Amino acid sequence: MSTRVQLVAVVAALVLFFVVFELVRSRRMMERYALLWLVCSLVLAGLAIWTDLLTDFANTIGIKTPSNALFLVAFGFVLLLLLHFSVVISSLSDRSVVLAQRVGMLQQELDAYKGEPTIDEKIARQVAALGSPDEAPRHGERDS
Amino acid sequence: MPRHLVIVPALNESHSIAGVIADLKAHVPEFDVVVIDDGSTDDTAARAREAGAGVVSLPFNLGIGGAVQTGYRYALAGGYTTAIQVDGDGQHDAAHIRALLNHLLEHPEIDMVVGSRFMDKGEGFQSSALRRVGIRMFARILSLFVGQKVTDPTSGFRMTGPRGIALFARDYPHDYPEVEAVLMMHAHELSSAEIPVVMRERQGGESSITSSQSVYYVVKVSLALLVGFLRSKPVRPLGRLNQEPPA
């Protein structure tokens, strides 16, 4: 691997590390989601600095150009991060369903307790009173 | 008129929760008790309610940080002047609460007092040897950062005054919050102290830290400490915490 490629790889990995670190420090990213990024940047920096390690790795998996092995590792991390996000998103959407159900049930309980129509019903009534048929809602249409 | 609250975070503690609440009522009857049921799948909430505690049931598991912060918000909203965290598994002996409260009342400049297992001779349940190594390491680092001796940074048996309640209601660490919370107090120029307590072995349920998670625990808390240290002054909180600081 040429020194220039090596230099670029090291700098890029370190920049990534410090960007992620700064995001955590300024509290725009939680530690929980930063760890994988930090590990990724450290591994990439390590492989770029100690090229013997990278060459060994490239030989082991049968890649002729060590820099390609570095790309492969980086690609592996990208896949891992995407997979991680898919899992996180799944858990978040599951939680938002549970939250919506809980809020709906609380609303129902509160309305029954107060003996008044629900907020949603009041809003719907207001909209029906104000809106003309020409002004059909274009956005914000519910998908349910 | 001072009002005191016990915050009991509980996840699937149906076997021990009633006993914990009965203990609290026996030792510190003037404290209100709120159980934060952190998405239990058993009847923890029902048992707690039967035992006479207020119950906040979270719709899903938030983890210990989110659960405890719910308790601090409850305390702030309810106008409590003192709040103490007591685990729902029976590890924390209600008999020590009086000592924690007295310490806080005698030292009005202190915002948080932590019950430490490792002060004095170190009696009672001391956690496993491996965990003690980790705890000691975090204790060293934390002592260095906050400039005073911390012996038990992972103890969840801690009592806070009004400033501590206001801070934690606004901002509390997410996963494995105990160690970070001490550093946070320091960063916000609030003071904390420790007094010796004796802890028991948990009486039921499972620890929030399984062995497979302990590597994550160590890495996460180390990162949080380092970041927290570099975060010398309080910075913009994350979205869900983005609220006006108390006047």
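Author: Before we look at how helices pack, note that angles under 35 degrees count as roughly parallel, over 145 as roughly antiparallel, 65 to 115 as roughly perpendicular and the rest as oblique. This is a predicted model, in which local features need pLDDT of at least 70 and side-chain atom pairs count only at pLDDT 80 or more, while totals for chains, interfaces and linings use all residues. Residues are numbered from 1 along each chain as its sequence is written, and chains are lettered from A and ligands numbered from 1 in the order in which they are written.

Reader: At what angle do α5(B) and α8(B) pack, and how far apart are their axes?

Author: Two packed helices are described by the angle between their axes and the distance between the axes. Here helix α5 (residues 129-146) and helix α8 (residues 214-230) of chain B meet at about 5 degrees, with axes 11 Å apart, and α5(B) and α8(B) are therefore roughly parallel. Axes are lines fitted to C-alpha atoms, for helices over the stretch in contact, and angles run from 0 to 180 degrees between N-to-C directions; helices (H or I, at least four residues) and strands (E, at least two) are DSSP runs, numbered from the N terminus. On α5(B) the contact (C-beta atoms, placed from the backbone, within 7 Å) uses Gly134(B), Phe138(B), Ile141(B) and Phe145(B), and on α8(B) it uses Val218(B), Val221(B), Leu225(B) and Phe229(B). By class, seven of these residues are nonpolar, one is polar and none is charged, where Ala, Val, Leu, Ile, Met, Phe, Trp, Tyr, Cys and Pro count as nonpolar, Asp, Glu, Lys and Arg as charged, and the others, Gly among them, as polar.

Reader: In what order do the strands of the chain B sheet lie?

Author: Strands of a sheet pair through backbone hydrogen bonds, either parallel or antiparallel. Chain B has an open sheet of seven strands with mixed pairing, in the order β3-β2-β1-β4-β6-β5-β7, and its edge strands, β3 (54-57) and β7, each pair on one side only (pairing needs at least two DSSP bridges). Strand β5 (residues 112-116) runs antiparallel to β6 (residues 158-160) over three bridges, with Met112(B) partnered by Thr160(B) and Val113(B) opposite Met159(B). With β7 (residues 192-196), β5(B) pairs in the parallel sense over five bridges, and there Ser116(B) stands opposite Pro196(B).

Reader: Is β5(B) enclosed or open, and which residues lie on each side?

Author: In a regular strand the side chains alternate between the two faces of the sheet. Five of the five residues of β5(B) are buried, so this strand is largely enclosed by the rest of the structure; buried means 20 or more other C-beta atoms within 10 Å of a residue's own, exposed 12 or fewer, and partly exposed in between, with C-beta atoms placed from the backbone. Met112(B), Val114(B) and Ser116(B) lie on one side, with Val113(B) and Gly115(B) on the other.

Reader: How many residues of α4(A) are buried?

Author: Helix α4 (residues 66-114) of chain A is hardly covered, with three buried among its 49 residues, namely Pro66(A), Ala69(A) and Leu70(A). Their cover includes α1 (3-25), α2 (31-49) and α3 (51-61) of chain A. The end C-alpha atoms of α4(A) are 71 Å apart, which agrees with the 72 Å expected at 1.5 Å times one less than the number of residues. Just after α4(A), Gly115(A) takes a positive phi of about 70 degrees.

Key: Two residues are in contact if their C-beta atoms, placed from the backbone, lie within 7 Å.
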